[in-house]
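Biologist: I would like a close look at one part of this model, starting from a single side chain and working outwards to its partners and then to the rest of the fold. Please take me through it step by step.

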Amino acid sequence: MTTDRPTVVRRRFTLVALVIPVVVVVASIAVQLVLLPQVPPTIATHWGWTGRANGFSPSWLMPLVTALIGGAIPVAVFALGVGGLRRGDHGSSYRLLGAVAVFIAVLVAGLGAATLGIQTGRADAAAVLPPLLLPGVMIAALAAGAVGWAIQPHAPWRPTPGGTSAEVDVRPGERVVWLQGVSLARAGVVVLSVVTVIGVAAAVPVVLLADPAASWISLGVVIVLAVLFAVTLRYHVRVDPEGLTAVSAAGWPRVHVPIDDVMSAEVVQVSPMGEFGGWGIRRSAQGRGVVLRSGEGVRVHRRDGQTLTVTVDDAATAAGLLNAYAALTAGRRGD
């Protein structure tokens with residue numbers, strides 16, 4: 001009996017995003033627990049450019065960090081992707097998620113075991129970082145990610161049929177305005193929250209233990225993540241004689257397609273992960289998107305061949321009104 005392709009995709013994703021990372025992390029933690037009695041109570045956990053230690057932590061913290069970061073991130077990635085795959089969603093983004101999960105697991109597990117390994121048998125926490133340790137662990141993690149990508153079958157996004165646009169009667173000189181709001185879906189809130197929390201968790205030890213330059217960089221990354229989260233929570237969408245405008249409730253960013261650039265508009269069914277690789281302002285092979293949830297949206301085909309997709313309720317009316325205004329504009333130009 002043959003297994004259908006969506007089931008194969010889901011099973012391989014589970015293997016790469018969950019099973020392999022859990023095995024790798026558990027093995028690393030087991031090695032670290034064996035090494036713990038042989039290392040100082042306080043160990044070096046951060047090194048400067050010269051290879052000399054400048055940050056220290058209790059030795060028991062290393063296996064805990066390996067579990068919380070190396071294990072929790074792949075589990076979160078798996079939880080993010082498996083729901084969509086079970087619903088029949090597809091796309092290369094899921095394949096990338098699996099590869100990222102195994103990459104992170106190998107990277108964190110390798111660094112955890114190596115950090116304790118180079119300090120085994122020492123009486124103090126003054127270990128010098130071997131110059132090839134970090135590159136070696138990174139190469140191993142990248143290789144694991146590449147293998148994870150190769151294990152999963154190729155299942156590119158295939159668009160699903162959308163609905164039909166509404167017939168909207170607009171006379172020359174008449175001004176009709178369509179307004180709608182759209183909020184970030186729960187899955188998007190969870191993903192962006194996890195990314196922000198991970199960014200904060202990663203930045204805290206850097207800010208506390210590292211040099212001022214690295215501290216400011218880490219703090220800047222956290223601020224950028226928080227701002228991106230805030231401006232993605234809700235968008236206001238407007239169609240009027242000037243075209244289509246989607247603007248964050250925070251006032252920025254703003255996306256606008258002038259009516260002179262509109263060739264046509266249609267209703268489409270949108271998958272944030274499968275089609276655009278996530279939520280927010282995105283770009284993919286299908287064009288640019290303001291993608292806050294799955295379901296119906298309006299896709300605007302521009303005269304330069306580009307497209308803009310906005311997920312929003314009542315997309316049929318938005319598409320119909322855009323088509324009506326585009327026809328009036330083309331008539332004035334004599335197209």
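Modeller: Glu 275 counts as buried, since its relative accessibility is 5%, and the cut-off for that term is under 20% relative accessible area. Please keep in mind throughout that this is a predicted model. Glu 275 belongs to helix H7, and once its neighbours within four places in sequence are left aside, it is in contact with Trp 157, Gln 269, Val 270, Ser 284, Gln 286 and Arg 299.

Of these contacts, the one with Arg 299 deserves a longer look, for the side chains of Arg 299 and Glu 275 meet in a salt bridge with a distance of 2.4 Å from N to O. Because Arg 299 lies in strand S10 (residues 295–302) while Glu 275 lies in helix H7 (residues 272–276), the pair ties together parts that are 24 residues apart in sequence. Both partners, Arg 299 and Glu 275, are buried. As a general point, side chains of opposite charge can pair when their charged atoms come close.

The salt bridge of Glu 275 can be set beside others, as a search of the whole structure finds 8 salt bridges. One of them joins the side chains of Asp 124 and Arg 122, at 3.2 Å from N to O. Here Asp 124 is partly exposed, at 40% relative accessibility, and Arg 122 is likewise partly exposed, at 34%. Another salt bridge is formed by Glu 174 with Arg 171, whose closest N and O atoms are 3.9 Å apart; Glu 174 counts as partly exposed at 32% relative accessibility, whereas Arg 171, at 52%, counts as exposed. That pair does not stand alone, for Asp 169, Arg 171 and Glu 174 are linked in a network of salt bridges.

From charged pairs we can turn to aromatic ones, of which the structure holds 1. Its members are Phe 13 and Phe 78, which are stacked, with 6.1 Å from centre to centre and 20 degrees between the planes. Since Phe 13 lies in helix H1 (residues 5–35) and Phe 78 in helix H2 (residues 61–86), this pair ties together parts that are 65 residues apart in sequence. Phe 13 is buried, with a relative accessible area of 1%, and Phe 78 is buried as well, with a relative accessible area of 14%.

Helix H1 also holds Ser 28, which counts as buried at 5% relative accessibility. Apart from neighbours within four places in sequence, Ser 28 is in contact with Thr 66, Ala 109 and Ala 113. The residue that follows in our path is Gly 110, which lies in helix H3 and is partly exposed, with a relative accessible area of 25%. The C-alpha atoms of Gly 110 and Ile 29 are separated by 10.0 Å, although these residues are 81 residues apart along the chain.

Helix H3 brings us to a helix pair. Helix H3 (residues 92–117) packs with helix H4 (residues 133–151) at an angle of about 150 degrees, and their axes are 8 Å apart. H3 and H4 are therefore roughly antiparallel to each other, and H3 passes H4 in a right-handed crossing. On the H3 side, the residues that make the contact include Leu 96, Ala 99, Val 102, Phe 103, Val 106 and Gly 110, while on the H4 side Leu 134, Val 137, Met 138, Ala 141, Gly 145 and Trp 149 are among them.

Two details of the backbone are worth inspecting as well. The peptide bond that runs from Trp 252 to Pro 253 is cis, with omega near 0 degrees, and Pro 253 is found in the loop between strand S5 (243–248) and strand S6 (254–258). The other detail concerns Asp 314, which has a positive phi of about 55 degrees although it is not a glycine. Asp 314 lies in the loop between strand S11 (307–311) and helix H8 (315–333), and it is partly exposed, with a relative accessible area of 34%.

To return to the starting point, Glu 275 is a buried residue of helix H7, and its side chain meets that of Arg 299 in a salt bridge.

Key: Residues are numbered from 1 along each chain as its sequence is written. This is a predicted model: local features need pLDDT of at least 70, side-chain atom pairs count only at pLDDT 80 or more; totals for chains, interfaces and linings use all residues. Side-chain values use heavy atoms; hydrogens and water are left out. Rings of Phe, Tyr and Trp (its six-membered ring) pair if their centres lie within 6.5 Å; planes under 30 degrees apart count as stacked, over 60 as edge-to-face and the rest as tilted. Helices (H or I, at least four residues) and strands (E, at least two) are DSSP runs, numbered from the N terminus. Buried means under 20% relative accessible area, exposed over 50%, partly exposed in between (1.4 Å probe, protein chains only). A salt bridge is a side-chain nitrogen of Lys or Arg within 4 Å of a carboxyl oxygen of Asp or Glu. Axes are lines fitted to C-alpha atoms, for helices over the stretch in contact, and angles run from 0 to 180 degrees between N-to-C directions. Angles under 35 degrees count as roughly parallel, over 145 as roughly antiparallel, 65 to 115 as roughly perpendicular and the rest as oblique. A crossing is left-handed if the near helix is turned anticlockwise from the far one by less than a right angle, and right-handed if clockwise. Contact means heavy atoms within 4.5 Å.
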